[in-house]
Amino acid sequence: MSQTFEPKILAFLCNWCAYAGADLAGVSRFQYPSTIRVIRTMCSGRVDPSHVVEGLKSGFDGVFVFG
Amino acid sequence: MHVVSQLLELAGIGRDRMQLRWVSAAEGQLFADFVKELSSLIGEKGGFDPNEYQLKLAAVEGALNSPRLRWLLGMDRQLTERENVYHQKVDDKLYKELLERATEEEYQKSLILEVLRDGPQSVREIAEKSGLQIYAVSQLLSEIEKAGLVDLHGYEGTTPKFIRLAA
């Protein structure tokens with residue numbers, strides 16, 4: 001296991017913006033690292049601060065919010 | 001989000017671990033770039049061990065759920081862009097300073113409450129476990145006591161011991 005460290009990251013994506021953006025990135029075959037675990041929210045305003053804390057508590061190395 | 005990153009910084013977790021970015025539906029490339037950039041940023045910071053920060057994460061959560069911060073965050077626009085009940089508009093900068101101070105205080109209070117979960121303790125013990133100054137602890141403690149969240153439990157010798165009340 002001499003691989004470089006790969007972080008585990010929780011990502012909240014807005015259904016209307018970033019989720020579609022991520023979809024587009026996939027369809028257009030843009031390469032990006034497979035570090036993120038996505039949760040789709042109906043709006044990035046739906047993400048409560050406590051969700052961020054909860055994510056860190058459950059062992060994620062970082063939390064992203066894309067809106 | 002400002003408050004959350006300030007809290008993470010206070011807790012020693014580092015504000016970098018939470019990131020907010022705007023990506024529209026048409027910006028697939030931008031999304032890929034952000035993920036690449038931010039992943040390497042987190043990668044550099046290394047792994048995060050939640051057990052190590054258990055106490056502090058709980059304190060951050062407690063602070064975020066405190067009525068005072070919730071209220072301040074909810075009233076932000078109302079007070080800085082419209083007016084308060086006395087028809088005064090609050091200065092943006094002043095509001096931000098107030099919010100920052102409140103955030104720090106609420107974090108410290110919440111930290112004390114978390115420490116007190118382990119049973120009755122003296123001011124000195126609380127200060128040691130929370131890493132706060134003894135003077136700050138005693139001041140905050142009296143404030144929390146007024147709010148009815150902690151109480152004097154009794155004396156061990158001449159040392160007063162405090163206990164956390166329900167919740």
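Two strands pair if DSSP finds at least two bridges between them. Keep that cut-off at hand for the exercises below, and remember that this is a predicted model.

**Exercise 1. Work out how β3(A) and β1(B) are related, and which residues stand opposite each other.**

Solution. Start with the count: strand β3 (residues 62-66) of chain A and β1(B) are joined by four bridges. The cut-off is at least two bridges, so these strands count as a pair. Next comes the direction, and here the two strands run parallel. Now look for partners. Val63(A) has Met18(B) as its bridge partner in β1(B), and Val65(A) has Leu20(B). As background, strands of a sheet pair through backbone hydrogen bonds, either parallel or antiparallel.

**Exercise 2. Place this pair in its sheet and find which strands stand at the edges.**

Solution. First write the order, which is β2(A)-β1(A)-β3(A)-β1(B) in an open sheet of four strands with parallel pairing. Then look at the ends: β2 (36-41) of chain A and β1 of chain B each have a single partner strand, so one side of each is left without a neighbour in the sheet. From one strand to the next, the twist averages 20°. Finally, see what covers the strands: α2(B) lies across β1 (9-14), β2 and β3 of chain A together with β1 of chain B, and runs at about 160° to β3(A).

**Exercise 3. Decide how far β1(A) is enclosed, and describe where its side chains point.**

Solution. Begin with burial, where the cut-off is 20 or more other C-beta atoms within 10 Å of a residue's own. In β1(A), six of the six residues are buried, so this strand is largely enclosed by the rest of the structure. Next, sort the residues by direction. Ile9(A), Ala11(A) and Leu13(A) point one way, while Leu10(A), Phe12(A) and Cys14(A) point the other way. That fits a general pattern: in a regular strand the side chains alternate between the two faces of the sheet. To finish, check the pairing with β2(A), which is parallel and spans six bridges. Within it, Phe12(A) stands opposite Ile39(A).

**Exercise 4. Describe the side of chain B that touches chain A.**

Solution. Count residues first: chain B brings 33 residues to the contact and chain A brings 32 residues. On the chain B side, the elements giving two or more residues are β1 (18-21), α2 (28-45) and α3 (54-64). The largest share, 11 residues, comes from α2(B). Sorted by character, the residues on this side are 19 nonpolar, nine polar and five charged.

**Exercise 5. Judge whether chain B is spread out or compact.**

Solution. List the elements: chain B has seven helices and three strands, in the pattern α-β-α-α-α-α-α-α-β-β. Its radius of gyration is 20 Å, well over the 15 Å that the globule rule gives for 167 residues, so chain B is more spread out than a compact globule. For its dimensions, the C-alpha atoms fill a box of roughly 70 × 50 × 25 Å along the principal axes. Buried residues make up 30% of the chain.

**Exercise 6. Find where confidence in chain B is lowest and where it is highest.**

Solution. Take the whole chain first: the mean pLDDT of chain B is 88, and 99% of its residues reach 70 or more. Then go by element. Confidence is lowest in helix α1 (residues 2-10), at a mean of 84, and highest in helix α5 (residues 92-115), at 91. The model as a whole scores ipTM 0.83 and pTM 0.83.

Conventions:
Residues numbered from 1 in each chain as written. Chains lettered and ligands numbered in written order. Predicted model: local features only at pLDDT ≥ 70, side-chain atom pairs only at ≥ 80, totals over all residues. pLDDT = per-residue confidence, 0-100. Contact = placed C-beta atoms within 7 Å. Nonpolar A, V, L, I, M, F, W, Y, C, P; charged D, E, K, R; others polar. Rg over C-alpha atoms; globule rule 2.2 N^0.38 Å. Buried ≥ 20, exposed ≤ 12 C-beta atoms within 10 Å, placed from the backbone. Axes fitted to C-alpha atoms, helices over the stretch in contact; angles between N-to-C directions.
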